[in-house]
Every structure is written in C-alpha cells, then in structure tokens.
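Biologist: I should like to go through some of the terms applied to this model and hear the grounds for each. Please take them in turn.

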Amino acid sequence: MNRRILAFKDKPPTPLRGFPYEDSSVSYEARPTKPLRHIPQTSERTLDAPDIVDDYYLNLLDWGSSNVLSIALGSTVYLWDASQRRTSELVTVDDEFGPVTSVKWAPDGKHVAVGLNNSDVQLWDSTANRLLRTLRGGHQSRVGALDWNKHILTTGGMDGLIINNDVRMRSHIVKTYRGHSHEVCGLKWSASGRHLASGGDDNLLYIWDKSSTASPTTQWLHRFEEHRAAVKALAWCPFQANLLASGGGGGDQCIKFWNTQTGACVSSVHTGSQVSALLWNKNERELLSSHGFTQNQLTLWKYPSMVKMAELRGHTSRVLSMAQSPDGCTVASAAGDETLRLWNVFGTPEVKKKVPKSNPEPFAHVNRIR
C-alpha cells in the first residue's frame, strides 16, 4: 500500500564481470579494432512500476517527442516527465473497460492513444489532462498494439484485425487490414509512412502497402511465415528504408532481417531467449534487443555482423517493452519484475538542425467531435 509509483529505487551495484564482452561467444580476435565507446552495464535509473500487467502481447510503454514517458500499470496510465523527473496520473479507467492494454504517443508529443481491454481506444490531451474522444466499433476484443502515421492511428486487436483510424473524422475507420488469424501484438509504420509491418500470435509477419487498392484478403505486400512463435518485436532501420528487423517469441527466439522491397530474408540470428522488443541506434549501425527467460537481459548487437557488443542485466523477470528517448540516447525498459529501468546505451546523440513544420496539426478538429 505504501509503494510509490515510478519512484526512484537505489542505484544498482556495479557488475562483477568484465566489459564489454561478458558471456559473449565472440573471441578476442573477432573484436573490433577501433576503440569502443563506454557502454554502462547497469541502469542509470530504476523506477518502481507496480501492477504492470505481465503479458507478452501488450504494449504498455512509450516515450513521446516531448520527452515524457507513458506507462500503463493495471488500469492506470502514468506520465513521467524525463526533463522534470516528475510523475503524474493521466487516467484510471473503470474496471469494466480495463486494464489498459496499450499506449502510444502521437507524433506531436502532446496527445496519447490508450488501448483498452474492452476494445475501446481513448485519445487524451496530456497537457490539459482531458479525454478528447473514444474510438469504438472497430474491434471486438482488447487492443494491444498501436502506432501512428501522422493523423492516422492504426490499432491491432485480439480479433486479428488491423484498423486505420483518421482521428480528424467523425467516422474514423478508413481502412481495415485482414490477414492475421490470431491477436495482433506488433505494429510499426515505416518512416516514409508508406508501409506498415504487423506481427501476430499466429507467428506471421505482414508488410502492408498504404496505397494498395487490392481486396481486403489479398492487400498485403508480403506475408512472412519463417518465425515459429508470436511476432511482437518490430523495428524499421533508420539508415536503410527497406530493411525491417523482427523478433520472435519463446518458441522461436530469433531476430530476422527482411528486405521489404524484394521480400527476402536477409539474415537471421538465434538469440537463445524470447525477443520482446527491438530498437535501432539512430547514430550507429547497432540494434538493441530485449529478452525474457532465462537472463531477462538487453543485448546490444553490431549490425550487420550481429556481434554482441554488450549484455545489460538487472531485470529479474522478462522484459516486456522498450522505448527510446527523443534524442536517441536513453532506452527505457519495463519488465514483469515491476520495475522501469533507464539505460544510457546508445551514447551521445548528434546535434540536428531543426526542420520547420509544414504539416497541419493532426488534432486540429478532434475537439469538435463528440
């Protein structure tokens, strides 16, 4: 009863084993010759996250462009302002709607989508702490996967459906993708906004073309069947637009790389444990993966050699989700051990020039919808 939500825990002890190749199968001769940046082996901060739902298929953590983390703990969504080190409560849903099954920030960093166990999706204004609207009628069961493509909110449900919702419109459902026969647990739009990757509990990975006019049952661009367990972890490569990384569950344990232009599997690596999330380094050719049994670790890989650069341990239960800070430097991981850990894994971010906004605000008309 006295536990504090997202409160700091004691800093974890310094690991006893060496850096950076502890428990790595890579020989000394195989190590890169150029100097490696320092990769801290312990989390920078550890926060309490009581009542997080220990469910592999849900997506309960996201980091918005305004440097605020959203995390769903049971039926409540909390916000943690990384700049101010301050926690606030966004919403607690009634028992008939919850628990919360997914969260995803809109590109503006002010609005957040909240998927619920009863199939509803709520849109919240985080600055005003106000519910803008509720999207209903699309799914028949819980919504565990969300992603944004400008003003389009794409939702994936336990019913196997994937729905594009235009949040500017009263009749919000503008397209439905049908292909998965089981729960959709992974959704990720490409940077161009043209292609959508989806993974499901049917062990399938689909690539959908937004501009496709094909029939609802044949509109996918690619259908990949190589994974042998649920596909939740998805990550489009930031330096090669047609490269997608995907990770499989406990019965698969593989990270696979796909050329989405040709449909070829470029490579595959067996990780030895369930893969729950994947994140690319925005500044280097590196990939971070999070895992379940037995070590519940985060693994940093060099791409394309897939040499292990570091293994980050600290979680005592499987890692459920990861999220990357806006500057690309810090990674947050949430696990079934009811902790949220922050890792300084990707080094110092590059300074980028600001690009003037040219697109209208996607939520300009949402307030008028009732």
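Biologist: What makes β4 and β5 a hairpin, and which residue in the turn has a positive phi?
Modeller: In this predicted model, four residues lie between β4 and β5 in the hairpin, and R85 in the turn has a positive phi of about 55 degrees. The two strands run antiparallel and are joined by six bridges. Pairing requires at least two bridges, so β4 and β5 count as paired. One bridge links D81 to R86 in β5.

Biologist: How do you know that strand β3 is paired with β4?
Modeller: The same reasoning applies. Six bridges join β3, residues 68–73, to β4 in an antiparallel arrangement; the threshold is at least two bridges, and therefore the strands pair. V68 is the residue opposite D81 of β4. The hairpin of β3 and β4 has two residues between the strands, and G74 takes a positive phi near 65 degrees there.

Biologist: Why is strand β4 called largely enclosed?
Modeller: A residue is buried when its relative accessible area is under 20%. Six of the six residues of β4, residues 76–81, are buried, so the strand is largely enclosed by the rest of the structure. T76, Y78 and W80 point one way, V77, L79 and D81 point the other way, and all are buried.

Biologist: What makes residues 312–345 a WD repeat in the record?
Modeller: The name comes from an unreviewed UniProt entry, whose annotation "repeat: WD" also covers residues 93–134 and 177–218. In the model, residues 312–345 are 50% strand and 0% helix, with end C-alpha atoms 9 Å apart.

Note on methods: Residues are numbered from 1 along each chain as its sequence is written. This is a predicted model: local features need pLDDT of at least 70, side-chain atom pairs count only at pLDDT 80 or more; totals for chains, interfaces and linings use all residues. Side-chain values use heavy atoms; hydrogens and water are left out. UniProt positions are given in the numbering used here, feature names are shortened, and annotations may be inferred rather than shown by experiment. Buried means under 20% relative accessible area, exposed over 50%, partly exposed in between (1.4 Å probe, protein chains only).
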